[in-house]
Amino acid sequence: MSTLRASVRWVRADLRARRGQALLTVLAVAGIVTALITAATLLEDGTNPWRGLFTESRGAHVWIHTRDAPEVTALARLQGVARVAGPYRAAPVMLTMNGRRTPVTLRGMEARPPDVAVPLVRAGRWLRQGDDDGVVVERSFAEALGLRVGSSFTVTALNGALHPLNVVGLADTADQGFYPETTPGLAWTLGTTLVRIEPAPGRSEMVTGLRLADGEDTLPVVHGAVTLLGGQIQRMSTWREVRASMELDNRLLGLLLALFGGVGMVAAALAIANAAGGRVLGQVRDLATLKSLGYTRGQIFGLLMAEHGALGMIGIAAGLVCGQFASSFALRGVPILPLSTMPLLAITGGT
């Protein structure tokens, strides 16, 4: 019988004889890896919630700003485009409150929330028919200005006309970054209200969002949109740019994730070493038998490394799966990105 076959049979016999110890080793490693992944994911989500927000709101991967409304049917036919949001009319106004003037973009919406790039109402409610003076304000912008549901403020259009508005809701969106890192602020109002505030089409723009089947393939869609719309495009933005703007100050997060990873790997190694040491002490007679059969020190060492290394790999694999489920459950069912993209996503921006 070859040495390899004999080694395999010995490992199988040893695992069957010490099933409890083998199971405890796997569970210890799996628990450590699960805790590591869950902690790292929750830490990243707490410091940068935009990623989960983009998934929850079914955000658009590409935003196109044009002077006139583009042909939606043609955009929807572009290869890789799954859904189209808009086009929505948007106009710049100046918000005046307590003597403070702040630029804000008003975006005209319908009473029924969209299916793509939907603002997630966190307080109050969404717009209703008849809300002639109603507005839903992006939450980070509202918190910066101290706005709450029921607050009132005045906006000044480009023609100098004043228009009072009432806050009926606060909402989160992944369309742009959080205020004040991203300016101007964003607010939604009914399309009829926006027409009353800014009746001149030349002082507004149309905003159209494209949700892709594969968010990684933004470049071909951007090129296709540029070819299709040509000079109509005033500017474009992609989800990569927004993500990059939200991750510019994440150096501390990177250090913390690295610390978590290092501690977790050391703990996993110690767990495996401790379990292996205990099992080896109980295998002294078996190892003596192997030596009598001609096994060298190196072969015995390799045999033990293969056995306990396999148990460790099984524990790591189980921990990866459990960590994914635990993180998704902890994030209220929001799907998370693959593990390969977790530690500080590569930042690539621009079109």
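Which residue in S6 does leucine 95 stand opposite? The close-ups below, all taken from a predicted model, begin with that pairing.

**View 1. Strand S6 and its partners S2 and S7.** Leucine 95 stands opposite valine 155 in S6. Strand S2 (residues 81-97) and strand S6 (residues 152-156) run antiparallel and are joined by 3 bridges. S6 also pairs with strand S7 (residues 162-172), again in the antiparallel sense, over 5 bridges. Here valine 155 turns up once more, standing opposite histidine 163 in S7. In the hairpin of S6 and S7, 5 residues lie between the strands, and glycine 160 takes a positive phi near 90°.

**View 2. Helix H7 and its buried side.** Helix H7 (residues 218-229) has 12 residues, which should span 16 Å at 1.5 Å a residue, and its end C-alpha atoms are indeed 16 Å apart. Its buried residues are Thr218, Val221, Val222, Ala225 and Leu229. Because these cover an arc of only 100° around the axis, they sit on the same side of H7. A handy rule helps here: an α-helix has 3.6 residues a turn, so residues three or four places apart point the same way. On the face turned away from the buried side, look for the exposed residues Pro220 and Thr227. After H7 comes glycine 230, with a positive phi near 60°.

**View 3. A salt bridge between aspartate 133 and arginine 196.** The closest N and O atoms of this pair are 3.0 Å apart. Aspartate 133 lies in the loop between strand S4 (120-124) and strand S5 (134-138), and arginine 196 in helix H6 (residues 191-197), so the salt bridge ties together parts that are 63 residues apart in sequence. Aspartate 133 is partly exposed at 32% relative accessibility, and arginine 196 is also partly exposed, at 37%.

**View 4. A salt bridge between glutamate 216 and arginine 240.** In this pair the closest N and O atoms are 2.7 Å apart. Glutamate 216 belongs to the loop between S9 and H7 and arginine 240 to helix H8 (residues 239-246), so parts 24 residues apart in sequence are tied together. Glutamate 216 is partly exposed, with a relative accessible area of 47%, whereas arginine 240 is buried at 13%. Elsewhere, Glu56, Arg122, Arg139 and Asp172 are joined into one network by salt bridges that share partners.

**View 5. A nonpolar patch on the surface.** Leu23, Leu24 and Leu27 make a nonpolar surface patch of about 320 Å². Leucine 24 lies in helix H2 (residues 19-47) and is exposed, with a relative accessible area of 59%.

Key: Residues are numbered from 1 along each chain as its sequence is written. This is a predicted model: local features need pLDDT of at least 70, side-chain atom pairs count only at pLDDT 80 or more; totals for chains, interfaces and linings use all residues. Side-chain values use heavy atoms; hydrogens and water are left out. Patches are made of residues with over 30% relative accessible area and no salt bridge: like charges are joined within 9 Å, nonpolar side chains (Val, Leu, Ile, Met, Phe, Trp, Tyr) within 5 Å. Accessible areas come from the Shrake-Rupley method with a 1.4 Å probe; for residues, only the protein chains shown count as cover. A salt bridge is a side-chain nitrogen of Lys or Arg within 4 Å of a carboxyl oxygen of Asp or Glu. Helices (H or I, at least four residues) and strands (E, at least two) are DSSP runs, numbered from the N terminus. Buried means under 20% relative accessible area, exposed over 50%, partly exposed in between (1.4 Å probe, protein chains only). Two strands pair if DSSP finds at least two bridges between them. The expected span of a helix is 1.5 Å times one less than its number of residues. The arc is that of the directions from the helix axis to the C-beta atoms.
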